[in-house]
Amino acid sequence: MPQALVSQSSATGAAALSVQAATMSWPVPDTHGPLQAAIEPDSLPPLRVGLLGLGNVGAGTLAVLRRNQTEIARRLGRHIEVTHVCARNLARAVALAGPGVQVLADPLAVVTHPDVDVVVEAIGGTGPVLHWVLQAIASGKHVVTANKALLAEHGHQVFAAAQARGTVVAFEGAVAVSIPIIKMLREGLGANHITAVAGIVNGTSNFILSAMRTSLSFQAALQQAQALGYAEADPSFDVNGVDAAHKLTLLASVAFGMPLRLAQVYTEGIGQLLPADMACAEALGYRIKLLAQARRHTQGVELHVYPALVPTTHPLAAVEGSLNGIAVYSDAAGPTLHCGAGAGGEQTASAVIADLMDIARLGHIPPTSPTQRVAMMGFQPWAMQDLPVLPMAELRTRHFVRVPVGSNPHALGVVAATLAQTGVATQSLGWAPVPGAASDATRAQAGPASCVVGLTGLASDHNMQQALAAIQALRQVNGPVSHLRVAELE
Ligand SMILES: NC(=O)c1ccc[n+]([C@@H]2O[C@H](COP(=O)([O-])OP(=O)(O)OC[C@H]3O[C@@H](n4cnc5c(N)ncnc54)[C@H](OP(=O)(O)O)[C@@H]3O)[C@@H](O)[C@H]2O)c1
């Protein structure tokens with residue numbers, strides 16, 4: 001009887017609710033029931049979606065829209081319908097899209113089609129996709145995309161075009177997949193002065209780092225990620241930090257109201273890390289995470305992505321496997337932590353559809369009224385501030401070093417003295433055996449029997465680079481020195 005209950009409550013309003021209250025049970029709608037029950041007769045017509053690409057994200061969006069159509073319409077009071085699909089593999093697309101959906105091979109035909117209100121771009125890349133997105137905007141369509149590379153590289157052009165044309169470009173799925181971090185920064189924390197954002201925003205690299213803690217080498221962990229479908233055939237953007245830099249560019253812009261500054265994000269990946277680094281960091285009470293961090297100072301903004309030592313007591317240290325986690329620091333709300341799936345078609349679809357729902361709610365708002373809707377980047381375009389990005393050399397953190405020195409008994413003192421001579425204070429320094437030295441091919445090449453391991457005090461990156469060069473040149477050092485920064489999180 002759930003269907004009857006829904007119809008009754010929408011037809012008779014308060015009377016139906018009071019009947020339910022008397023029996024102490026709320027109506028439980030059948031989420032797979034007919035849609036009419038969720039829609040008022042005078043509601044807006046369906047929002048018509050043109051979907052570009054039917055890969056993980058595109059097919060996931062189609063599947064979730066279909067499965068949850070009643071639940072979505074109950075929230076929205078309006079339907080969202082995929083009316084047009086563009087794909088390369090047309091036979092597969094026809095089979096997936098089903099009856100009533102037009103399948104086209106030409107993206108331009110979809111983005112300019114008069115029967116499409118909003119384009120979901122789920123192809124990826126920055127080549128022809130930029131042209132299709134700009135054409136969609138020029139044709140008066142709203143655009144939803146999960147394409148962080150496109151927006152981090154060409155966002156100025158895309159958002160300016162949308163602003164001028166009075167359409168919306170929404171991108172929740174581009175940053176943290178299932179975590180609604182853009183909505184959180186833009187709306188939920190809209191009353192705050194946001195001071196910092198620190199996040200694990202690449203599920204593939206986080207999976208690899210978690211696997212390396214079980215003594216797998218980087219290559220073995222990467223192969224495991226690929227076998228489980230977490231890593232692309234070409235995982236370079238994931239492991240070299242570029243994907244995280246794309247996401248940080250968007251996060252910083254939305255958090256601080258500054259322009260997109262991809263070229264100024266200092267970026268290091270995880271390819272150089274060894275299981276021994278993970279083990280030594282753990283022994284010191286830290287876990288290594290690829291962290292994307294943006295921090296606001298009076299003089300400007302820090303923007304960087306690098307593998308960092310996170311205290312094992314910090315909640316971000318517990319974000320393991322392919323999960324994403326983001327800590328936001330703001331003056332009124334205080335620190336908040338957001339965690340969720342860092343990859344996946346349906347997980348991204350959740351964000352894409354939430355964006356579609358926001359667009360569906362715009363309803364009759366005139367397209368030229370940006371102050372009457374949530375600004376695309378969180379701040380009104382004319383209120384963006386061109387905050388300077390601070391040079392990496394000036395960044396002050398503590399540093400982790402692991403110096404392979406064989407069995408030389410004087411090495412500890414020599415490393416300590418070298419740090420002191422270059423003006424870097426030592427917090428702790430000691431001997432560490434090299435776990436798995438006999439079995440790790442990379443380590444066998446370097447040949448150390450033991451290492452000097454420790455943490456420095458706060459030092460600028462410039463000073464630390466000088467200290468590292470001096471340590472590497474010591475005759476007691478018989479392999480590459482590992483260096484990582486400590487995440488100075490609140
Ligand atoms: N997968 C995730 O977990 C995830 C998470 C967040 C964001 N994203 C972003 O979402 C976007 C899509 O990612 P994805 O994982 O869904 O990629 P994908 O699985 O590779 O899907 C891309 C789709 O686009 C289609 N395509 C490529 N060129 C086309 C063209 N000229 N015309 C029509 N269709 C074309 C491909 O068709 P064929 O199959 O026929 O080649 C494929 O189905 C990317 O920007 C990605 O960064 C993905």
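Is L260 buried or exposed, going by the other C-beta atoms within 10 Å? Buried: L260 has 23 other C-beta atoms within 10 Å, and the cut-off for that label is 20 or more. Keep in mind throughout that this is a predicted model.

**View 1. L260, a buried residue in a loop.**
L260 belongs to the loop that runs between α13 and β8 (266-267). Setting aside neighbours within four places in sequence, its contacts are A152, G155, H156, T249 and S253. H154 is worth picking out here too: 106 residues separate it from L260 in sequence, yet their C-alpha atoms sit 8.9 Å apart in space.

**View 2. The whole chain, before zooming in further.**
The protein chain is built with 18 helices and 18 strands. Of its 490 residues, 45% count as buried. Take the contacts with a separation of 6 or more: 75% of them link residues 24 or more positions apart.

**View 3. The largest nonpolar core.**
This core takes in 146 residues, and I208, L248, L309 and L356 have the most contacts inside it. Helix α13 (residues 242-256) supplies the largest share, 10 residues. As a bit of background, nonpolar side chains in soluble globular proteins tend to be buried together. Zoom in on L356 and you'll find L47, V49, I80, V118 and V144 in contact with it, once neighbours within four places in sequence are left out.

**View 4. The shell around the ligand.**
Which residues are closest to the ligand? They are G53, G55, V57, R88 and G124, out of 23 that surround it. Two elements, α3 (56-67) and α15 (345-362), give two or more residues each to this shell. The top contributor is α3, with 3 residues. Sorted by class, the shell splits into 11 nonpolar, 11 polar and 1 charged residues.

**View 5. An open sheet of 6 strands.**
Read across, the strand order is β3-β2-β1-β4-β5-β6, with parallel pairing. β3 (102-104) and β6 are the edge strands, each pairing on one side only. Strand β2 (residues 80-86) runs parallel to β3, and 3 bridges join them. For a pair to click on, try V85, whose bridge partner in β3 is V103.

**View 6. Strand β18 and its two listed partners, β10 and β14.**
β18 (residues 482-486) is mostly covered, with 4 of its 5 residues buried. Strand β10 (residues 301-311) runs parallel to β18 and is joined to it by 2 bridges. Here L309 stands opposite V486, and L309 is also among the residues with the most contacts inside the largest nonpolar core. Strand β14 (residues 399-404) goes the other way: its pairing with β18 is antiparallel and spans 4 bridges. F400 has L484 of β18 as its bridge partner.

**View 7. Helix α14 and the residue G285 just after it.**
In α14 (residues 275-283), the buried residues are P275, A276, D277, M278, C280 and A281. Just after the helix comes G285, with a positive phi of about 95°.

**View 8. Positive phi outside glycine: V177 and S215.**
V177 is not a glycine, but its phi is positive at about 50°. You'll find V177 in the loop between β6 (169-170) and α9 (181-188). It counts as buried because it has 28 C-beta neighbours inside 10 Å. S215 also has a positive phi, near 75°, and is placed in the loop between α10 (203-212) and α11 (218-227). How buried or exposed is S215, with its C-beta neighbours inside 10 Å? Its 16 neighbours make it partly exposed.

**View 9. Where to go easy on the coordinates.**
The chain averages a pLDDT of 89, and 87% of the residues score at least 70. Over residues 1-29, though, pLDDT is below 50, and the model gives this stretch 21 contacts beyond near neighbours in sequence. Residues 437-448 also stay under 50, with 20 contacts beyond four places in sequence. Where pLDDT is low, the predicted coordinates should not be read in detail.

Terms used:
Residues numbered from 1 in each chain as written. Predicted model: local features only at pLDDT ≥ 70, side-chain atom pairs only at ≥ 80, totals over all residues. Core = buried A, V, L, I, M, F, W, Y, C linked by C-beta atoms within 7 Å. Buried ≥ 20, exposed ≤ 12 C-beta atoms within 10 Å, placed from the backbone. Contact = placed C-beta atoms within 7 Å. Near = placed C-beta within 6 Å. Nonpolar A, V, L, I, M, F, W, Y, C, P; charged D, E, K, R; others polar. Pairing = 2+ DSSP bridges. pLDDT = per-residue confidence, 0-100.
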